[in-house]
Amino acid sequence: MNYLLVIILLPLFGFLINAFIGKKLPKTISGIIGSGTILVSFVLSSVFFLGFLNGTQQKIDVDVYDWIAFGDFKITFGLLLDQLSVMWLMVITGVGFLIHVYSMGYMHEDEKFHNFFSYLNLFIFFMLLLVLGNNFLVTFIGWEGVGLCSYLLIGFWFKNQDYNNAAKKAFVMNRIGDLGFLIGMFLLLYNFHSLHFGTIQTALGTIQVSHATIVAITMLLFVGAMGKSAQLPLYTWLPDAMAGPTPVSALIHAATMVTAGIYMIARAHFLYLLAPETMQFIAVIGAATALFAATIGVFQNDIKKVLAYSTVSQLGLMFMALGIGAFTSGVFHVVTHAFFKACLFLGSGSVIHALHGEQDIRKMGGLRKWMPITFITFLLSSLAISGIFPFAGFFSKDEILAAAYEHNKVLWAVASFASFLTAFYMFRLVFLTFTGDFRGTEEQKHHLHESPSVITFPLIVLALLAVVGGFMGLPEVFHAKHFLKEFLNPVFAQATQAGGEMGAHETNSSIEIMLMSIASILAVVAIAIAYVMYVSRKRIPAKDGEQYGIGKIIYNKYYVDEIYNALVVKPILVLSELAHDVLDRTFVDGIVNWSGKFSLMAGAQVRKIQNGSIGFYLLFMVVSIVAIFAFVFLKN
Amino acid sequence: MMNVMLSIFSVVPIQYYIFISAVLFCIGVLGVLFRRNAIIIFMSVELMLNSVNLLLVAFSAYHNDASGQVFVFFVMAVAAAEVAVGLSILVTIYRNVHSVDIDELKSLKH
Amino acid sequence: MLLLLTLFLPLVFALLTYLSGNRFAKYIALLGGLVVFTCCSFLKLALVHNNLAPLVFVHDWISNPHISFALNIDGLSLTLVALTAFLVPLIIFTTFRKEIENAKAFYSLVMLMEFGLLGVFMASDGFLFYIFWELALIPIYFIALLWGENKDAAFRHRAIFKFFVYTLAGSLFMLLAFIYVYQIAGSFSASTLYSLNLTDKEQSVLFWAFFLAFAIKIPVFPFHTWQPDTYKESPSAGTMLLAGIMLKMGLYALLRWLLPVVPHGVMLWTPVVMVLAVIGVIYGSVIAIKQDDLKKLLAYSSFAHVGLITAGIFTLTHEGFQGAVVQMFAHGFNVVGLFFAAEIIFQRTGTLSISQLGGIRTVAPKFATCFMIVVLASVALPTTNAFIGEFLLLYGLYEYNTWLSVIAGLTIILGAVYMLRMYQNVMLGETNSLTANFEDLNWKELTVFVFLIIGIFEIGLVPSQFMNMVQPSLDLILNYSLR
């Protein structure tokens with residue numbers, strides 16, 4: 001447990017150092033502190049991981065202290081380390097460390113270098129808290145904390161108000177999800193009197209909770225996941241989030257934070273298993289997102305935007321896996337996706353770095369010549385994400401597709417088509433960026449160079465992982481041990497027991513081989529089409545404003561942002577002004593002021609009696625006295 | 001003494017005193033209401049006071065209780081003080097505005 | 001004895017401050033604030049030593065009508081006394097950066113205000129409470145009226161006058177209510193009033209008499225219209241006193257004097273109050289989105305926050321009560337931090353118009369960080385104080401009614417919208433002619449922020465000690481409220 005605390009607190013320590021005295025330190029030291037703390041965390045995590053691997057490490061579930069506690073109410077601050085969280089731990093610290101190293105090169109010119117590292121460390125801290133919390137509320141700290149870091153890092157170059165808008169959008173959209181999460185927690189707390197994962201899991205057997213409640217809880221938690229993991233309809237922040245520096249996109253918006261939703265649902269799988277309706281809903285949303293984002297990805301021209309939509313699409317795939325009960329496959333894809341997507345983002349960063357900030361693939365081309373390492377790593381990762389055998393993506397994606405086939409043929413078809421599109425747009429990206437002739441300015445061409453080793457080193461490591469990462473989950477048809485499935489079995493035991501329907505791998509091997517072949521063929525065809533279009537025929541995407549038809553609509557992302565603007569943002573702004581000017585100042589305050597004015601008016605009327613004429617006063621007095629006498633007299 | 005008083009009442013009934021007091025009082029009230037000279041109003045007020053005094057004395061004798069007469073002295077003392085203050089205010093007003101007509105004395109309105 | 005000392009020290013220091021003359025006034029006032037704070041720490045020790053049983057001081061004051069000088073410190077009172085004792089010296093310290101005209105009067109009024117506030121939070125006799133309630137209004141009226149910085153003096157006079165009359169008018173209803181219950185109980189003391197058996201009809205009317213007074217002070221929708229203008233027109237120290245501490249008078253009074261005295265009236269009218277409070281939460285948040293004046297934006301945001309606290313109190317649940325107390329405490333810190341930031345911006349740029357600012361973060365990184373932390377605390381980010389409060393409040397509200405909780409929960413979204421929009425337009429982007437020479441925080445300003453930030457995280461990370469101290473008093477109130 002102490003080591004666990006060290007793992008969490010080290011990044012916080014790094015954050016504090018860089019935040020308080022980072023300015024006075026040389027950049028190298030600042031970077032080393034930032035990366036070093038993560039490295040130590042990674043090493044310690046590996047110790048835990050190996051412990052779990054050879055069975056010496058037991059699940060850790062400890063309460064550190066009573067956080068919110070009074071009377072009968074008690075929510076502790078506690079940590080939980082089991083096979084599921086250790087997987088994430090490895091990804092966060094491992095990939096996180098590589099990206100820290102990369103950032104030392106990438107951000108070297110930036111004057112707020114130490115700020116960058118402090119934010120990154122803070123992010124890792126919150127992310128670790130998210131995956132290590134032993135109850136929903138501690139997870140929620142991390143959940144909102146990573147949202148904050150995402151906000152800070154998207155808007156890292158805060159002089160540009162567009163970036164700030166993107167950051168704000170990300171935060172607010174996440175908050176919409178968070179409200180769902182929060183209400184979900186209220187339901188849990190109300191029904192189970194606890195937010196502790198283990199307690200709830202055991203209480204499910206003893207406490208009678210209506211099915212509708214469970215569905216509501218799972219749905220609300222999923223709303224949280226929709227926000228954090230950029231699913232329909234709350235996905236629009238993620239493409240905008242590419243305003244942040246590229247390492248941020250790699251770390252937060254590809255490898256770790258956006259997978260928090262998947263982690264949370266995997267963590268709460270025992271609830272989801274009781275709510276088939278929600279599972280169905282998740283599967284549909286996941287598949288829809290996968291397809292929707294993939295189509296947008298096909299028409300984007302910004303290298304990072306393509307990758308962003310690809311991330312949204314892959315996350316959709318993972319959610320689909322969760323929705324059909326293939327939790328292990330979802331987690332598997334999270335891990336492999338972290339490898340190749342981080343590599344792709346970092347590769348695109350390397351390209352952008354070389355081109356001094358150019359992100360438009362129409363102005364790239366032929367970079368293979370100047371940037372061989374970046375090209376090779378990028379290519380390997382693209383092969384992995386496209387699902388080409390034997391790269392990582394092949395295995396994880398195949399598992400999901402197989403499970404989907406078993407569950408529902410439509411889902412499978414949608415997911416396969418999304419994968420087809422993925423292979424296409426990824427290779428469109430590869431070909432447009434790295435092959436053909438350079439289409440940028442002479443000035444840029446003159447400065448083209450391969451990135452320094454501090455940048456290429458993480459690329460190489462990640463590319464290697466993208467190549468071999470898949471072997472942790474070999475399919476059963478290969479008669480190999482599915483390592484990940486066994487490893488995660490203690491966590492998902494309930495899910496596996498829940499029936500053959502959930503365990504996709506009962507599929508007979510001939511069907512599975514058929515599915516694999518279809519997926520591979522689709523990927524190869526897609527790559528071939530991309531090759532024909534962009535290498536043989538040397539097509540270049542149309543300039544802005546010259547698109548037409550469906551291409552234009554998709555290029556403009558189906559105008560979703562515009563629709564949200566018109567339906568939500570504008571009305572709220574108008575309402576805000578109306579509420580202030582008309583309702584508040586004129587109406588509510590009007591009544592208050594009117595009551596004041598009424599007093600004045602009444603006073604003015606009454607004052608007329610005081611006309612100053614003594615005779616009138618006297619008359620009034622006498623008449624009044626007579627009236628009083630008359631009254632008293634008549635009353636008796 | 002007592003017999004004399006009682007014999008007076010046997011000759012002049014109490015109703016007469018009440019009547020004359022009422023008349024005096026009404027004259028006073030009307031004077032206050034309809035005259036415009038502040039001094040006359042003042043005198044009318046005095047008339048009202050004295051009509052009450054008369055009534056007090058009459059009842060005092062009638063009930064054979066001296067406290068009514070004590071009260072009359074009290075009223076007279078207060079009236080004297082009032083006249084002293086009131087008249088001096090009037091004199092001051094007259095010095096300033098050269099009039100004691102109440103229709104013209106409206107400047108306190110504002 | 002300690003109670004008396006704590007209560008009257010501010011009065012003594014108010015006199016000393018006035019006598020010390022303009023030059024030394026601020027130091028004497030600060031000293032006074034710190035001494036009171038020390039006394040307050042001793043009070044806490046005494047309370048803990050007493051096993052959280054209330055500390056009581058009773059002295060018969062007036063025999064007919066029967067009014068006693070009764071003070072009472074339990075966990076709830078101590079929380080607010082501590083808030084006052086902590087914030088007053090801090091607020092005094094925020095004014096150290098500049099010269100104040102007629103300083104002796106200003107600081108002396110601030111100390112007098114502290115006297116009134118402490119009295120409100122300590123009094124356990126209804127009449128005494130009323131006296132302090134009104135006493136606290138007088139200094140703030142003069143502070144706002146005479147030291148307001150806005151050039152449009154006529155507008156300021158109107159706004160402050162409206163505030164004064166409005167709150168005073170509300171208080172009269174409270175006085176009537178107190179007199180009425182005195183007629184029946186023969187005493188103003190809290191314990192007598194708590195055990196009073198009033199008919200439902202009486203309670204129903206008394207409820208509104210009390211509630212009006214408290215609702216105007218808090219303020220609850222639709223009695224809030226004095227607030228934005230008053231906050232805007234007051235000098236920052238006055239705004240901080242108003243928003244940081246004085247609002248809590250109303251909330252505290254709900255807990256101390258409304259719920260236990262007329263529980264059936266509360267039962268009867270809770271739905272109405274709930275709806276008003278939740279409307280206030282959304283209404284304030286929505287209006288804040290488009291405000292251009294920084295102080296008015298903060299005023300509306302504060303209005304939204306206290307709406308949620310009011311709703312939490314009326315849930316009559318442990319969670320709602322605890323959330324309300326934590327949030328009262330938290331809101332004190334956050335709102336003072338926010339208004340202090342606004343004050344710093346106004347001092348250096350001469351404007352509070354959000355659209356004219358921008359780029360301050362480039363030139364003042366320390367200020368940007370401090371401001372950011374306070375902004376995050378006010379949008380209830382976990383690990384900050386307001387999160388604990390809002391979590392419990394919304395949960396309490398959930399226990400009362402799911403849909404109200406969902407609607408009120410929108411505040412976490414809208415709060416993020418207006419706060420981040422404000423922060424973005426004020427602090428981020430390119431500098432302009434107004435902000436290009438913005439000086440970063442000096443040590444005095446930094447000290448204030450550091451104290452606030454420590455408070456923000458302390459309550460956010462280890463609130464349970466605080467909660468356990470308050471719990472017995474809240475249990476008691478809840479028992480009386482549910483009788």
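Chain contacts and internal organisation of a predicted three-chain model

Two pairs of chains are in contact, and of these, chains A and C share the most contacts. The structure is a predicted model, and the description below starts from the interfaces before turning to the individual chains.

The contact between chains A and C draws 40 residues from chain A and 40 residues from chain C. On the side of chain A, four elements each supply at least two residues: β1 (60-70), α5 (136-154), α6 (161-192) and α24 (560-607). Of that side, the largest share comes from α6(A), with 14 residues. Sorted by class, the residues of chain A that face chain C comprise 24 nonpolar, seven polar and nine charged.

The other contact involves chain B, of which 10 residues touch nine residues of chain A. The side of chain B that touches chain A has six nonpolar and four charged residues, with no polar ones. Chains B and C, by contrast, do not touch, and 24 Å separates their nearest C-alpha atoms.

Chain A can be taken next as a whole. Its C-alpha trace spans about 115 × 70 × 55 Å along the principal axes. The chain contains 25 helices and two strands. Of its 636 residues, 55% are buried. Counting contacts in chain A between residues at least 6 apart in sequence, 80% join residues at least 24 apart. The domain assignment for chain A gives domain 1 (1-134) and domain 2 (563-635), and the C-alpha centres of these two domains are 64 Å apart.

The two strands of chain A form a hairpin. β1(A) pairs with β2 (residues 73-81) of chain A in the antiparallel sense, over nine bridges. One of the bridge pairs joins Ala69(A) to Lys74(A) in β2(A). Two residues lie between the strands of this hairpin, and Gly71(A) there has a positive phi near 50°. β1(A) also belongs to the elements that each supply at least two residues of the side of chain A touching chain C.

Another of those elements, α24(A), can be followed in more detail. Does its end-to-end distance agree or disagree with its residue count? At 1.5 Å a residue, the 48 residues of α24(A) should span 70 Å, and the end C-alpha atoms are 65 Å apart, which agrees. The helix nevertheless has a bend of about 45° at Gly590(A). As for its surroundings, α24(A) lies largely in the open, because the number buried among its 48 residues is four. These buried residues are Ser576(A), Ala579(A), His580(A) and Asp584(A). What do they pack against? The buried residues of α24(A) pack against α10 (263-289) of chain C, so the burial criterion, 20 or more other C-beta atoms within 10 Å, is met by residues of α24(A) that pack against a helix of another chain.

Chain C is assigned two domains, domain 1 (1-261) and domain 2 (262-483). Their centres, taken over C-alpha atoms, are separated by 21 Å. Between the two domains, 46 residues of domain 1 of chain C are in contact with 49 residues of domain 2 of chain C. On the domain 1 side, α2 (75-94), α7 (200-217), α8 (226-233) and α9 (236-258) of chain C each contribute at least two residues. The largest share of that side is from α9(C), with 12 residues. By class, the domain 1 side that touches domain 2 of chain C has 30 nonpolar, 10 polar and six charged residues.

Chain C also has a hairpin, formed by β1(C) and β2(C) with four residues between them. Strand β1 (residues 55-62) of chain C pairs with β2(C) in the antiparallel sense over seven bridges. Within this pairing, Asp60(C) stands opposite Ser68(C) of β2(C). Is strand β2 (residues 67-73) of chain C mostly covered or mostly open? It is mostly covered, with five of its seven residues buried.

How values were computed:
Residues numbered from 1 in each chain as written. Chains lettered and ligands numbered in written order. Predicted model: local features only at pLDDT ≥ 70, side-chain atom pairs only at ≥ 80, totals over all residues. Contact = placed C-beta atoms within 7 Å. Nonpolar A, V, L, I, M, F, W, Y, C, P; charged D, E, K, R; others polar. Domains from an automatic or database assignment. Expected span 1.5 Å × (residues − 1). Bend = angle between axes of the 7 residues up to and from the residue. Buried ≥ 20, exposed ≤ 12 C-beta atoms within 10 Å, placed from the backbone. Pairing = 2+ DSSP bridges.
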